[in-house]
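Got the viewer open? Let's take a short walk through this one, selecting as we go.

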Amino acid sequence: MLNKQDRLLAETALDRYGNFSLSWEQLHLFTEPLELDICLQGMPEEAGEKMVTHYHLSTLVPQWKHSLQRYVAAYAYVIPVESWAQIRASYGTWVIAGIVRRPHDKEGQSQLRVEAYNAGNHRMLAYSSTDDRGRYQIRFSRKQLSGGQLLGPDVYFKVYRDKRLVWEEQAEVAAMPGRRAIDACSVINITMQVGSVKKAVRWLERLVG
């Protein structure tokens, strides 16, 4: 970013929803491409000292329109999942998101506590509560992993309603595809069997059997 300082037109901060607004004096031709970069000052779950990093997002030529003695343009950019996962990985942080359902039920289960466990040492990585649509989001950093572990953990889950365990996976589930060395950004949906605590590995065996 420092080698671009002499070309900087404007900078601003994103709001909580990722919205931004930039303005500058008309010094350049409208046909000139603009470079859009983002500066990150760390992740909330980051382990250790905060690290400031810069990433190039895109190069674009906006579609300008004249309005009230100014030229304006709108632009939206969605960071690709693969790129965001690499960014989170560089900070040593992980996020797991998904929805908790019961079999054959399209609606998610609300007011549940979802706990993620590291199969390597059977310690809880982090927990989260499901929202009104049954969606959860669990975040943790490398400090929750075993010493020296660089890859993501192998994970399994437990689900509670209030303080009552309603669904539990056996640690062996963590050896399955999609659960081993999870990516920095992972989507893992959970399907709970009806009734009291069930061992998810048995349900999976019946499902694929």
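A word before we start: contact here means heavy atoms within 4.5 Å. Keep in mind, too, that this is a predicted model.

Begin with the whole chain in cartoon view. You should find 2 helices and 12 strands, running along the sequence as β-β-β-β-α-β-β-β-β-β-β-β-β-α. Of the 209 residues, 33% are buried. Take the contacts between residues at least 6 apart in sequence: 60% of them join residues at least 24 apart.

Now select helix 1, residues 81–90. Show the side chains of A85, I87 and R88, the buried residues of this helix. Look down the helix axis and you'll see them fall within an arc of 160°, so they line one face of the helix. What do these buried residues pack against? Add strand 1 (34–40), strand 2 (53–60), strand 5 (93–101), strand 8 (135–141) and strand 11 (185–187) to the selection, and there are the partners.

Flip to the face turned away from the buried side: E82 and Q86 are the exposed residues there. Then step off the end of helix 1 to G92, which has a positive phi, near 70°.

Next, go back to the loop between strand 4 (70–72) and helix 1, and pick Y75. Its relative accessibility is 33%, so Y75 counts as partly exposed. Select L9, L14, F20, L22, W24 and Y77 along with Y75, switch on the surface, and you have a nonpolar patch of about 580 Å².

Last stop: surface the whole chain. About 14,200 Å² is exposed, with carbon and sulfur atoms supplying 50% of that area.

Methods: Residues numbered from 1 in each chain as written. Predicted model: local features only at pLDDT ≥ 70, side-chain atom pairs only at ≥ 80, totals over all residues. Heavy atoms only, no water. Buried < 20%, exposed > 50% of the residue type's maximum accessible area, 1.4 Å probe, protein only. Helix = DSSP H or I, 4+ residues; strand = E, 2+ residues; numbered from the N terminus. Arc of directions from axis to C-beta. Patch = residues over 30% accessible without salt bridge, like charges linked within 9 Å, V, L, I, M, F, W, Y side chains within 5 Å. Areas by Shrake-Rupley, 256 points an atom, 1.4 Å probe, with all protein chains shown as cover. Salt bridge = Lys/Arg side-chain N within 4 Å of Asp/Glu carboxyl O.
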